[in-house]
Amino acid sequence: MAEKSAGPRRGPLRLSVRTRLTALYGGFFLLAGLVLVVVTYTVVSNELPAPAQYLGDGASLRLSQVAADVESVPMEATTIPMQTVPASAEKVATAVLTDYRSSTMSTLVLASAIALVVTAALALLFGWFMAGRALRPLHTITSTARRLEAGKLDQRINLDGPRDELKELADTFDSMLDRLAGSFDSQKRFVANASHELRTPLAVQRTLIEVALENPDAGPVLTKLGAHLLQTNERSERLIEGLLVLARSDRGLSARAPVRLDKVVRSVVKLTAAQAKEASVTVETRLRARTVIGDAVLLERLVLNLVSNAISYNIPDGWVSITIGATPALSVRNSGSNVDESQVAGLFEPFRRGKPDRTGAADHSGLGLSIVRSVARAHDGDVSARANPNGGLTVEVRLPA
């Protein structure tokens, strides 16, 4: 007989700090109340006289007096047989006192239990509000941290109140933000300066090489060397540009605006039309109107990298299919050589490539998909890829609308 499959395993129940503090307050109060009830019960039980204390050495004298008083009552005024009163008077008194003691203790226990339940409920209620008040600064810190972005670190907590642990935590967090803001500003200046300092010498080198190649006295050796230097120069420029774009996207977005993703795709398809024609690759699009909030330049670079890679890493008479839908926001599929599924995840790492026929050594810097992932995450999205059964890749970009 086949065994029944176990249902989905559920993780442990996660309670908020406020709930745990409330339960802790209520538990301690309930424990203290139980101790108080036990002490009260013990004291009252010891102080309340037992029947034997009333029926001690003078019990016979008192009972005789009771019997004499009872005998003076006319027979028709009582239904108790006179001969049974002296014999049962002590038992009657004992029973009355025992019942009184038991009733008193039962009333005490019941009243204490009701009072304990009511006060425990009030303790939980007040504990919930007090825990919320005590944790309010933590919620302020959390909401401030959620509003922060790499390019926008002007938010501060500025917590008011006594110099306690929470005040110290908030001030420490503000100091950390001050240091991070200074670090990001320094990095931004470095990227801007590096962009100028690195691009300018390469542009000068390219101009000098082109001028040398146009010299009619240049021999075949110089021409071949110049062409190789131009190719190396162009690859260096693409590498530097890719690194700068990657650094910019890793810093996050300094500004956001509505961007029509479908219009960006149409613009990129026109821009890469010559590349697709040269590679004998057909580009198909199925686009629906889709607006995302982000940086138009970075989004255009994301789409350009995907489409350019899909064309470059293709086969003659191959195809590229670009789709914009609700989920995912953008999907780019292409034909091509078979890709090992185990190597797909590594393609998103900088300078990581798959098989030799996918390196494109002279034409690509190995940063294309790294930039795609960085730009997607800067827009609060993500990207994934999978190998197609008949060759090629499918890359899906998910962006919030």
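Visitor: What makes β2 and strand β4 count as paired, and in which sense do they pair?
Guide: Two strands pair if DSSP finds at least two bridges between them, and β2 and strand β4 (residues 318–323) are joined in the parallel sense over six bridges, so they satisfy that condition. Within this pairing, I322 in β4 is the bridge partner of T285. The model is a predicted one, in which local features need pLDDT of at least 70 and side-chain atom pairs pLDDT 80 or more, whereas totals for chains, interfaces and linings use all residues. Residues are numbered from 1 along each chain as its sequence is written, and side-chain values use heavy atoms, with hydrogens and water left out.

Visitor: Why are β2 and β6 said to stand at the edges of the sheet?
Guide: The open sheet has five strands in the order β2-β4-β5-β7-β6, with mixed pairing. β2 (281–286) and β6 (382–387) each have a single partner strand, so one side of each is left without a neighbour in the sheet. Neighbouring strands here are turned by 10° against each other on average, direction ignored. The strands are DSSP runs (E, at least two residues), as are the helices (H or I, at least four residues), both numbered from the N terminus.

Visitor: How do you know which strands α9 and α10 pack against?
Guide: Contact means heavy atoms within 4.5 Å; helix α9 (residues 296–312) touches β2, β4, β5 (330–334) and β7 (393–398), and its direction makes about 15° with that of β5. Helix α10 (residues 368–378) touches β6 and β7, and its direction makes about 145° with that of β6. Such angles run from 0 to 180 degrees between N-to-C directions, with axes fitted to C-alpha atoms, for helices over the stretch in contact.

Visitor: What makes the crossing of α9 and α10 left-handed or right-handed?
Guide: The handedness is left if the near helix is turned anticlockwise from the far one by less than a right angle, and right if clockwise; α9 passes α10 in a left-handed crossing. Their axes come within 9 Å and cross at roughly 145°. On the α9 side the contact includes L298, L302 and L306, and on the α10 side it includes L369, V372 and A376. The residues of this contact divide into nine nonpolar, three polar and one charged.

Visitor: Why is α10 described as largely enclosed?
Guide: Buried means under 20% relative accessible area (1.4 Å probe, protein chains only), and 10 of the 11 residues of α10 are buried, so the helix is largely enclosed by the rest of the structure. Among these buried residues are R373, S370 and S374.

Visitor: Why is S331 called buried?
Guide: The relative accessible area of S331 is 12%, so this residue falls under the cut-off and counts as buried. S331 lies in strand β5 and, leaving aside its neighbours within four places in sequence, is in contact with S321, I322, T323, T394, V395 and E396.

Visitor: What makes a set of residues a nonpolar core, and how many residues has the largest one?
Guide: Such a core is a set of buried Ala, Val, Leu, Ile, Met, Phe, Trp, Tyr and Cys residues joined through side-chain atoms within 4.5 Å. The largest has 43 residues, and those with the most contacts inside it are L302, V303, L306, L330, V397 and L399. Elements giving two or more residues to this core include α6 (220–250), α7 (261–271), α9 and α10, and α9 gives the most, with eight residues. A second, separate core of seven residues includes I141, L148, I157 and L159.

Methods
Nonpolar A, V, L, I, M, F, W, Y, C, P; charged D, E, K, R; others polar. Buried < 20%, exposed > 50% of the residue type's maximum accessible area, 1.4 Å probe, protein only.
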